[in-house]
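The exercises below are meant to be worked through slowly, with the structure open beside the page. Try each task before you read its solution.

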Amino acid sequence: MQKIRHFRHYGQKLLNNLSVSGQMTISIPFFALWLGGGTIIACLILFSTWSKHPAPLDTVQQTVNSLPVAEAPAIKAVSKKPADKWQQAIVEKGDSLARIFARLDISPAELHNIMQSDKAAQDLKRIQPKQEINIRTNNNGEVLELLHVISPTRSFSAQRDGDTFKTQFVERDTEIRTRHAFGSIESSLFLAAQKSGIEDAMIMDLIGIFGWDIDFALDIRQKDNFTVLYEEVFIEGEKIRNGNIIAAEFVNQGKKYRAVRYTDAQGHTDYYDENGRSLRKAFLRTPVAYSRISSHFGKRRHPIHKRFKLHKGVDYAAPYGTPVKATGSGKIIYRGRKGGYGKTIVIRHAGKYSTLYAHMSNYKRGLRSGQRVKQGQTIGYIGSTGLATGPHLHYEFRVNGSHRNPLRVRLPEARPIHHKYKQDFIEKASGLFAQLDAISNSMIAMNNP
Ligand SMILES: [Zn+2]
């Protein structure tokens, strides 16, 4: 789940310190792990509760280490109390802590006490569906401890301290391991992926990386093969999910494409080839994901004017309301009706490029002239405003103000690695490319005895 995407910075550590294991992934339902993980947190917190100095914990490891030996007997004494009881509630849609307390038959006065304890207790106002709330009460029904499992790595705890509560956030250690997978295509890419043990989501990532060079709908052939080096995220020995693809190779019809993930010192991440060129292009080839081309660029008889004239763009037919995407990042320089074009947006991009999107039924809400948009961002919806025979997008691509065929024009590449980071990239990437070579060579040898 996206909540734990902030592990990304571990990628850097990884690039320095790679070890490859030849095994394939075993996929375990994420939610089961989360729940299981929650139980582990609960146990660890139970354990740490009796430390008199539960200083802010960076990792659970530290918690355990900081437990004063002299207090060990206290642990035994507390854990023997039979009347203490843990209850668990899973947050439901529209839930509040007040409702959860009622469900567990705990007095609302107890909740009031916890909320009054300190600022950190405000965390409890941000509970989300499917999260876990664990509460320990004594035989008088007083809350001794409350644990809110925020994510597999982070939880919030409030522990009774006389008449008030001590609160803290607890973090668990994460570890990134590297795995690799190899697949050779017999019938389809997805079958090959399944056979090699990698999940569909990762295949989609792979398509995202190489989709600029390979048309995965048309170009894939038998004996094409791929090698992927990827991360797995572990929390205290348990695999939580797959991480990023850190290097990949795709051999398509004998031609080899390779990419390495690199994050520069400014935090900009992309996939690059051996020369530090981005695999992405500055423009998407088409502004409408699911569409068919209903009219090409060039001379044609105009369907309404019935005269031959130059069609200065490409028409994409798609159902009314289909999202239209900005093909490149840039600034909106026009948004409004434009004669026969109907509702139109014009975007100016870096350098000499601009794009135009016409006949839309509507603009994306909140989008104004002068605003910046990112590549792939939805800017409007398919329609038939202006002079149009049916719902379609009329799309124009201009270089220095003159119209070009968007399907033929050589698209500029996305930003390459900045020269400042080139040396760093080469150092980190060369090891990864060598690993890709080693894996694919040995796998190919194994597959062709
Ligand atoms: Zn057109």
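**Exercise 1.** Does M115 count as buried, partly exposed or exposed, and why?

*Solution.* Keep in mind throughout that the model is a predicted one. Begin by locating the residue: M115 lies in helix 6, which covers residues 108-117. Next, recall that a residue counts as buried with 20 or more other C-beta atoms within 10 Å of its own, and as exposed with 12 or fewer. M115 has 16 C-beta neighbours inside 10 Å, and therefore it counts as partly exposed. Finally, look at what M115 meets: leaving aside residues up to four places away in sequence, M115 touches A121 and L124. The C-alpha atom of K125, ten residues from M115 along the chain, is separated from that of M115 by 9.1 Å.

**Exercise 2.** Determine the order of the strands in the open sheet of five strands, and explain what is special about strand 6 and strand 10.

*Solution.* First, trace the sheet from one side to the other: the five strands follow the order 6-7-8-9-10, and their pairing is antiparallel. Strand 6 and strand 10 stand at the edges with a single partner strand each, so one side of each has no neighbour in the sheet. On average, and with direction ignored, neighbouring strands of this sheet are turned by 25° against each other. As a general reminder, strands of a sheet pair through backbone hydrogen bonds, in either a parallel or an antiparallel way. Now examine one pair in detail: strand 8 and strand 9 are joined in the antiparallel sense over six bridges, and A248 has A259 of strand 9 as its bridge partner.

**Exercise 3.** Find which residues touch the most other members of the largest nonpolar core, and list the elements that build this core.

*Solution.* The largest nonpolar core has 32 residues, of which L206, V228 and A248 touch the most other members. Two or more residues of this core come from each of strand 6 (174-184), helix 7 (189-196), helix 8 (200-210), strand 7 (225-235), strand 8 (238-252), strand 9 (255-263), strand 10 (269-272) and helix 9 (419-447). Taking L206 as an example, and not counting residues up to four places away in sequence, we find that L206 touches F226, V228, I245 and A248. Apart from this core lies another, of 20 residues, which includes V324, A326, M360 and L393.

**Exercise 4.** Describe how helix 8 and helix 9 lie on the strands, and then follow the course of helix 9.

*Solution.* Start with helix 8, which lies across strand 7, strand 8, strand 9 and strand 10 and runs at about 40° to strand 8. Helix 9 lies across strand 6, strand 7, strand 8, strand 9 and strand 10, and it runs at about 140° to strand 9. From its first C-alpha to its last, helix 9 reaches 40 Å with its 29 residues, close to the 42 Å expected at 1.5 Å a residue. There is nevertheless a bend of about 35° in helix 9 at F425. The buried residues of helix 9 include F425, K428, A429, L432, L436 and I439. When you consider their spacing, remember that an α-helix has 3.6 residues a turn, so residues three or four places apart point the same way.

**Exercise 5.** Work out how strand 17 is joined to strand 16 and to strand 18.

*Solution.* Strand 17 spans residues 343-349, and six of its seven residues are buried. On one hand, strand 17 pairs with strand 16 (residues 330-337) in the antiparallel sense over seven bridges, with G330 opposite H349. These two strands form a hairpin with five residues between them, and G339 in the turn has a positive phi of about 50°. On the other hand, five bridges join strand 17 to strand 18 (residues 353-360), again in an antiparallel arrangement, and I347 has T355 as its bridge partner. Strand 17 and strand 18 also form a hairpin, here with three residues between them, and G351 in the turn has a positive phi of about 75°.

**Exercise 6.** Explain why strand 22 is largely enclosed by the rest of the structure, and identify the bridge partner of D315.

*Solution.* Strand 22 covers residues 392-399, and because seven of its eight residues are buried, it is largely enclosed by the rest of the structure. Four bridges join strand 22 to strand 14 (residues 314-317), which runs antiparallel to it, and D315 has H394 as its bridge partner. Strand 18 pairs with strand 22 in the antiparallel sense over six bridges, with Y353 opposite V399.

Definitions and conventions
Residues are numbered from 1 along each chain as its sequence is written. This is a predicted model: local features need pLDDT of at least 70, side-chain atom pairs count only at pLDDT 80 or more; totals for chains, interfaces and linings use all residues. A nonpolar core is a set of buried Ala, Val, Leu, Ile, Met, Phe, Trp, Tyr and Cys residues joined through C-beta atoms within 7 Å. Two residues are in contact if their C-beta atoms, placed from the backbone, lie within 7 Å. Two strands pair if DSSP finds at least two bridges between them. Axes are lines fitted to C-alpha atoms, for helices over the stretch in contact, and angles run from 0 to 180 degrees between N-to-C directions. The expected span of a helix is 1.5 Å times one less than its number of residues. The bend at a residue is the angle between axes fitted to the seven residues ending there and the seven starting there.
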